[in-house]
Amino acid sequence: MMSVDVNDNCLPPDTQSADQAVAGMIGLARRAGRLAVGTEACLQWLGKGKAQLLLIPPDAAPRVYHTFGRPASAKGIPMVRWSTREQLGKLFGRPMVSVVAVSDAGIARRILELLAYDAKP
């Protein structure tokens, strides 16, 4: 399995927000073929054990959280609320996206680090 190397060189510059850096990491995952977009694709990856991280916007329908919550928790897959359905959709040229799965462990770890960094006071 190919892994994308993500290191400290991916730290966002002071002028770049963590959200922009996360969007960049999502783009990297997409180009590397390490990203599933949408409910069906993400459910398949979750079932096959490929998903390392799920990103779900806070404005997603409650059924999305219900659909992914239990299986993700059972497999130890982090499920993070991030962005909006509309903003996530813009990253993929779609009107709205309610769930994204990242399969590369390094990219998933870096996204989690960036979001934790953004949450610090």
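**Group meeting: salt bridges, a sheet and two cores**

Okay, let's start with charges: there are 3 salt bridges in this structure. Keep in mind that we're looking at a predicted model. As a reminder, side chains of opposite charge can pair when their charged atoms come close.

Take the pair Asp-59 and Arg-85, whose side chains meet in a salt bridge, 3.9 Å from N to O. Where do these two sit? Asp-59 is in the loop between E2 and helix H3, which covers 62–75, and Arg-85 belongs to helix H4, residues 85–91, so this pair ties together parts that are 26 residues apart in sequence. As for exposure, Asp-59 is partly exposed at 37% relative accessible area, and Arg-85 is partly exposed too, at 26%.

Staying in H4, we have Lys-90 with Glu-86, where the closest N and O atoms are 4.0 Å apart. Both residues lie in that helix, 4 residues apart, which is about one turn. Here's the background: an α-helix has 3.6 residues a turn, so residues three or four places apart point the same way. Lys-90 is exposed, with 54% relative accessible area, while Glu-86 comes in at 46% and counts as partly exposed.

Then over to helix H5 for Arg-110 and Glu-113, which form a salt bridge with closest N and O atoms 3.0 Å apart. They're 3 residues apart in H5, so again we're talking about one helical turn. Is Arg-110 buried or exposed? Buried, with a relative accessible area of 7%. Its partner Glu-113 is partly exposed, at 39%.

Right, on to the sheet. It's an open one with 4 strands, in the order E1-E4-E2-E3, and the pairing is mixed. At the edges you'll find E1, residues 35–37, and E3, residues 79–81, each pairing on one side only. On average, neighbouring strands are turned by 20 degrees against each other, ignoring direction. E1 runs antiparallel to E4, residues 100–102, and 3 bridges join them. Within that pairing, Leu-35 has Val-102 as its bridge partner. Packing on the sheet is helix H2, residues 39–48, which touches E1, E2 (53–56) and E4. The direction of H2 makes about 135 degrees with that of E1.

Now, Leu-35 is a handy way into the interior. Which residues touch the most other members of the largest nonpolar core? Among that core's 21 residues, they are Ile-26, Leu-35, Leu-55, Phe-92, Val-102 and Ile-111. Helix H1 (18–31), E1, E2, E4 and helix H5 (105–119) each supply at least two residues of this core. If we leave aside neighbours within four places in sequence, Leu-35 has contacts that include Ile-26, Trp-45, Phe-92 and Val-102. Apart from this core there's another one, of 15 residues, and its members include Ala-36, Trp-45, Ile-56 and Ile-77.

Last stop is H1. With 14 residues, H1 reaches 20 Å from its first C-alpha to its last, close to the 20 Å expected at 1.5 Å a residue. Which of its residues are buried? Those are Ala-18, Ala-21, Val-22, Met-25, Ile-26, Gly-27 and Ala-29. You've met Ile-26 already, as one of the residues with the most contacts to other members of the largest core. And just after H1 comes Gly-33, with a positive phi of about 75 degrees.

That's my tour, thanks.

Conventions
Residues are numbered from 1 along each chain as its sequence is written. This is a predicted model: local features need pLDDT of at least 70, side-chain atom pairs count only at pLDDT 80 or more; totals for chains, interfaces and linings use all residues. Side-chain values use heavy atoms; hydrogens and water are left out. Two strands pair if DSSP finds at least two bridges between them. Axes are lines fitted to C-alpha atoms, for helices over the stretch in contact, and angles run from 0 to 180 degrees between N-to-C directions. Contact means heavy atoms within 4.5 Å. A nonpolar core is a set of buried Ala, Val, Leu, Ile, Met, Phe, Trp, Tyr and Cys residues joined through side-chain atoms within 4.5 Å. Buried means under 20% relative accessible area, exposed over 50%, partly exposed in between (1.4 Å probe, protein chains only). The expected span of a helix is 1.5 Å times one less than its number of residues.
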